[in-house]
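Me: Could you take a close look at one strand for me, and at what sits around it? I'd like to hear about its side chains, its strand partners and then a pair of helices.

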Amino acid sequence: APAAETGPMRGSSALLQGLAVGVAAAAAFVAAHAAYARRARAAPEDALAEDDATEDAAECEPAVRMIRDHVSKKHPQGLAVELVMLDDVRIESVFMFEVAHLSAYAPKAGRRNKMDLGKDDGGYSREYNQLLGAQDAILQDIVRSPGGDTISTAFLRAGPRSELHFEPSRVRAAIVTAGGLCPGLNNIIQGLVRTLISLYGVEKVYGVRGGYGGFAEAPIELTLERVVGLQNKGGTMIGSGRGSFDLAKTIGFLKQHRISQLYVVGGDGTHRAANKIADEARRLKLNIAVCGVPKTIDNDIDLLDRSFGFSTAVEEAQAAILSAQTEARCNLPNGIGIVKLMGRHSGFIAVHATMCSGEVDLCLVPEVPVVTEGLKGILPHLERVVEQKGYAVVVVAEGAGEELLGKKAEIDAGGNRKLPELGKWLCDEIGAYFKKRGKVATVKYVDPSYMIRSVPANASDAIYCYLLAQNAVHGAMAGYTSFSVGMANNRLVYIPIGALVKNSPRMMDPMGRTWERVLSVTGQPNTAVKIVGGSAAISTRTTI
C-alpha cells in the first residue's frame, strides 16, 4: 500500500531480531527434510547409500537440535509428539508498526529502569524479570495457509524497557476519561496511579475532570489513598464527558501544570483527539508522551482482540436476556421478549450475549439487513418459534435496522448520529403481524443499556485493565508517544494511534464464522450479505 495510506506503519526488509534465528532453523530443516524425501522417493529404502544417510543426518542435526532446545525452554519434558514440518507454510519477512519516540526531538534522561523506583525504603534493588527492546514484537498475522503470504506485520510488544526517557521523580502525569461510561474505567485509573507512584515514584498525578472539557478547569490530584477500593466501583471517579475538545486549551493546560505524560482513556473519537495533541506537542517540541487506553464497550476499535469492559457487558446482558425470557414465557398467549443491547456500529455485544445465553431466538445487528416478511422474514420466523415452544426471545443491537427505518440527521454532543429505535418499532410490528393472523402477541421490551455500562468490571476485565494501565506507563516512561496499549493475539502491544483509528469503528464480518455460530443458536433465517466498500475494518474473530 502507498505510504500515505499506511500512516505510521513503516516497512523494513530486515527480519525482526529473534525471529530470524527461528526462520533460519526452519529453513535449514525444510531443506534437509526435502532433500532426504527426494532421495527416498527416488530409490527403495534398502537402496539408499550409507553416505547419503550420513549426509542427511549431518544436514538435519543443527536444525533438529535448535528446535529441540526451543521446545525445552517452555516444555522441559518435551511434547511427546512428532513435529511435522510444513513445507509450504513460512514467514520470510516481518514489518513492524512503528511507534513514535520522543527522543526524535527531545533529550532523554537515560535512567536505568528498575522496579520500586517509587519506594521510600532505600530499595532500588529489584530487577525486572524481563526488559524488552525496540524489536521485541508480536506477530499480527498468526493464521497461515499453504501457499499463502510469506510476510507478516507485527506490533511492538508492551512492557518495561531497560532505559527510561524520563527522570521519574520529575514526572507529572495527567489522566482523562472521555466518552460514555464503561466497566473498568476506575480500574484503569487505579492501575495508572499505582504504577506511576508505587513503581516509578513520579512527582504528581492529576485527574482531569469530565473529559476533554476538564482541560479548561483545575484538575484534582490523584494519590494512592484516593484510589483505594476504586476497583469495586462502577463509572469513573474523575468523571467523563463527550465532545468539548479544544486543542489550544489542552496544550495550555499541559504547559501550565508541567505535564510530561498524558493518559487518555476513550474510544476512537477520543483517540483521534489524542493524536492531535501528540502532533501538536511534537510540532512545539514539547517533551510530553501521549498514551491512549482504548475504551469502547461495543468492542469496535480495530486491531485489538477486545477492549476492556466488553467481557463485563456480555456477562451483565445475561440477566436482561433471562428477564426477557421469563416475561415471554410467563405472559400468555404468545409471549415475546425483546432486549436492546448496545452496539452503535457493530453487533459484538449482541452476538456474544446471544451465543452465551442459548435462550435467544432472533439476533439483529447493524451488519446484517433486517427483513421483516417473506421466506427469510423475521416476523414469520418469530411466529414459527412461538408455535413450537410458546414464546420467543429477541436481542436487538442499538444500531440495527437503519437500512429499514432510515438514518436520522440528528447528532449528539459527541458527534454521533442518533439511531432509530428498531426494538420499539418491532414491538408494534410484531403485534400488528400477529393480529392480521387472528392471534394475540404479548410483547415485552427490556432496555438494560445503562445498567450494563455502569457496573464494576468483572474479574476478567479487572485483570485486563491492570495489565493495560501498567503497560501504558511502561511505554510512556520509555519515551514512546502517540500510541495506545491493547491486546493483540493475547499479548499486550503498543499500537500507533493513527493505525488504531484509521479503520475504526470495526464491524463483525456477516460472512464469517461468528455469525454462523449465532445462526446455529437462534435458528433464524440468514439475511447476511457481503460488506463491499466502506471504511470500516471487518472482524472475523469470535471474542473469548
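Reply: Phe483, Val485 and Met487 point one way from strand E15, while Ser484, Gly486 and Ala488 point the other way, and all of them are buried. This is a predicted model, by the way. With six of its six residues buried, meaning under 20% relative accessible area, E15 (residues 483-488) is therefore largely enclosed by the rest of the structure.

Now for its partners. Strand E10 (residues 289-294) runs parallel to E15, and two bridges join them. One residue to click on there is Cys291, whose bridge partner in E15 is Phe483. Strand E16 (residues 491-496) pairs with E15 too, in the antiparallel sense and over six bridges. There, Ser484 has Ile495 of E16 as its bridge partner. E15 and E16 form a hairpin with two residues between the strands, and Asn489 in that hairpin takes a positive phi near 55°.

On to the helices. Helix H13 (residues 459-477) and helix H4 (residues 185-199) have axes that come within 8 Å and cross at roughly 45°. That angle is neither under 35 degrees nor in the 65 to 115 range, so H4 and H13 count as oblique to each other. The crossing of H4 past H13 is right-handed. On the H4 side, the contact residues include Ile188, Gly191, Leu192 and Leu199, and on the H13 side they include Ala462, Cys465, Tyr466, Val473 and Met477. Sorted by class, this contact of H4 with H13 has twelve nonpolar residues, five polar ones and no charged ones.

Definitions and conventions:
Residues numbered from 1 in each chain as written. Predicted model: local features only at pLDDT ≥ 70, side-chain atom pairs only at ≥ 80, totals over all residues. Heavy atoms only, no water. Buried < 20%, exposed > 50% of the residue type's maximum accessible area, 1.4 Å probe, protein only. Helix = DSSP H or I, 4+ residues; strand = E, 2+ residues; numbered from the N terminus. Pairing = 2+ DSSP bridges. Axes fitted to C-alpha atoms, helices over the stretch in contact; angles between N-to-C directions. Parallel < 35°, antiparallel > 145°, perpendicular 65-115°, else oblique. Left-handed = near helix turned anticlockwise from the far one by under 90°. Contact = heavy atoms within 4.5 Å. Nonpolar A, V, L, I, M, F, W, Y, C, P; charged D, E, K, R; others polar.
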